[in-house]
Amino acid sequence: MRRVTRAAPAKVNLGLQITGRRPDGYHELVSVMQTLELADEVSVESAPTVSGRPSLPGLAAEDDLALRAAHLLRGALGVTFGAHVSVDKRIPAAAGLGGGSSDAAAVLMALNRLWGTNVDRERLLQVAAELGSDVPFLVRGGTALATGRGEHLRDLPPAPMRHVVLVRPDIALATADVYAELRPSEWSDGSQTRALADAIADGCLPADLLSNDLTAAAIRLAPVVGEILDELRAAGAQPALMAGSGATCFGLFGDISTAEQAVARGQAAGHWTHLTRFRAAAEA
Ligand code: C5P
C-alpha cells in the first residue's frame with residue numbers, strides 16, 4: 001500500500017468535570033467525549049524517512065503533533081519505515097475541538113495500515129497517551145467516558161443524534177492557560193458526568209447532565225465565551241456548553257431548522273460558525 005487517507009474528526013466534551021490536581025501537574029477528570037462529522041483529512045504516503053509539511057502556517061515541525069506521532073510510532077515499534085504526512089485542515093486550531101490531537105490519532109492509525117504493522121489497540125493507545133491527554137480517545141472516537149488525565153476509556157454506544165452548532169470567537173485559548181486559571185473551588189466530584197455516561201448507555205441524552213468545569217476559568221480569560229453561550233441559549237440550544245478548554249462553544253439541537261437559525265445568529269455576530277452533528281466511532 002502506498003497511501004492511506006483517514007478522517008480526523010473534531011471532538012466536544014459533553015461532560016467535563018475536574019476532580020482534582022495530580023502530583024505530576026495534570027488534573028484528574030471525568031469526561032464524556034464525542035466526535036463530530038467536522039474533520040481534518042490526514043494522508044500518509046510511503047517515503048524513505050518521516051517528513052511532512054507542518055499542518056498550520058508558522059508551526060515548527062517539532063511542535064506539529066501529526067509529525068510527532070509519526071516519529072513516536074516509528075521509535076516505539078523500532079521500525080525503519082518512513083512516511084510523508086499531510087493534513088488538510090478544516091478544524092480551527094487551539095479552539096478546544098481537539099484538531100491537533102485528532103490529526104495525531106489519525107496518523108497513528110493510518111501508519112499502522114501503511115506499514116502493515118498491525119499493532120493492537122492497547123499498544124496504539126499507549127503511544128497515543130504520550131502525545132496528549134485527548135489523543136487516546138480520538139484513536140477510536142465515537143462516544144466514550146474518559147477518566148484519569150483522559151487516557152482511561154470506557155466505550156459507550158453512540159449517543160442519541162444531535163445537530164451541533166459550533167461558534168468560535170476570534171481568540172485562541174491555550175489549554176494549559178485555562179487549567180492554570182481553574183480554581184479548586186470549581187472542581188467537582190465527577191458524579192454528574194458518570195450519570196451522563198450511564199444515561200447514554202441507556203440510550204438517553206438528558207441536557208441537564210451536560211456540564212464543563214472549565215467554563216468559568218475560560219470566561220475570566222475571554223469574557224466573549226459567556227456572551228456566546230448566552231446567544232446559543234437564546235437561540236434554543238439544549239444545552240449550550242464550551243468545547244473542551246474553549247474558546248469554541250457549541251449548542252445541541254434536536255431540530256435542524258432551529259439549529260440553522262442559531263448558525264445565522266452566530267454569523268451575524270461575526271463569529272466563525274459551523275453546523276455539524278455527532279459522528280459514531282470509526283471501524284478499526
Ligand atoms: O495533554 P495535553 O498536552 O493536551 O495537555 C495540555 C495542558 O493542559 C497540560 O500541559 C496541562 O497543563 C493541562 N491539562 C491538565 N490536565 C489534563 C489535561 C491537560 O492539567 N487532564
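Visitor: Where is the place of threonine 215?
Guide: This is a predicted model, in which local features need pLDDT of at least 70 and side-chain atom pairs 80 or more, while totals for chains, interfaces and linings use all residues. Residues are numbered from 1 along each chain as its sequence is written, and side-chain values use heavy atoms, leaving out hydrogens and water. Helices (DSSP runs of H or I, at least four residues) and strands (E, at least two) are numbered from the N terminus. Threonine 215 has its place in helix α7.

Visitor: Is threonine 215 buried or exposed?
Guide: Burial means under 20% relative accessible area, exposure over 50%, and partial exposure is in between (1.4 Å probe, protein chains only). Because its relative accessibility is 16%, threonine 215 counts as buried.

Visitor: Which residue has its backbone oxygen 2.6 Å from a polar side-chain atom of threonine 215?
Guide: A polar contact is a pair of N or O atoms within 3.5 Å; within protein, one must be able to donate a hydrogen and the other to accept it, and residues adjacent in sequence count only if both atoms are side-chain atoms. The partner of the threonine 215 side chain, at 2.6 Å, is asparagine 212.

Visitor: How far apart in space are alanine 218 and serine 245?
Guide: Alanine 218 is also listed in helix α7, residues 215–221, and is buried, with a relative accessible area of 0%. Along the sequence, 27 residues separate alanine 218 from serine 245, and their C-alpha to C-alpha distance is 7.0 Å.

Visitor: Which residue offers its backbone nitrogen to a polar contact with the side chain of threonine 35?
Guide: Threonine 35 has its place in strand β2 and is buried, because its relative accessible area is 0%. A polar atom of its side chain lies 2.8 Å from the backbone nitrogen of glycine 142.

Visitor: Which element supplies the largest share of the shell around the ligand?
Guide: The shell residues, each with a heavy atom within 4 Å, include Gly25, Tyr26, Leu29, Thr175, Ala176 and Tyr179. Both β2 (27–47) and α5 (175–181) supply at least two residues of this shell. The largest share, 3 residues, is that of α5.

Visitor: Which residue has a backbone N or O atom 3.2 Å from a nitrogen atom of the ligand?
Guide: Oxygen atoms of the ligand are approached by side chains: a polar atom of histidine 27 lies 2.8 Å from one oxygen atom, and a polar atom of serine 133 lies 2.6 Å from an oxygen atom. The backbone atom 3.2 Å from a ligand nitrogen belongs to arginine 149.

Visitor: What is omega for the cis peptide bond between glycine 246 and alanine 247?
Guide: Most peptide bonds are trans. A cis bond joins glutamine 238 and proline 239, with omega about 0 degrees, and proline 239 lies in the loop between α8 (224–234) and β9 (240–242). Alanine 247 lies in the loop between β9 and β10 (249–253). For the cis bond joining glycine 246 and alanine 247, omega is about 5 degrees.

Visitor: What is the relative accessibility of asparagine 118?
Guide: Most residues other than glycine have a negative phi. Alanine 94 has a positive phi of about 50 degrees; its place is the loop between β4 (82–88) and α2 (99–114), and it is partly exposed at 48%. Asparagine 118 has a positive phi near 50 degrees and lies in the loop between α2 and α3 (121–131). Asparagine 118 counts as exposed because its relative accessibility is 67%.
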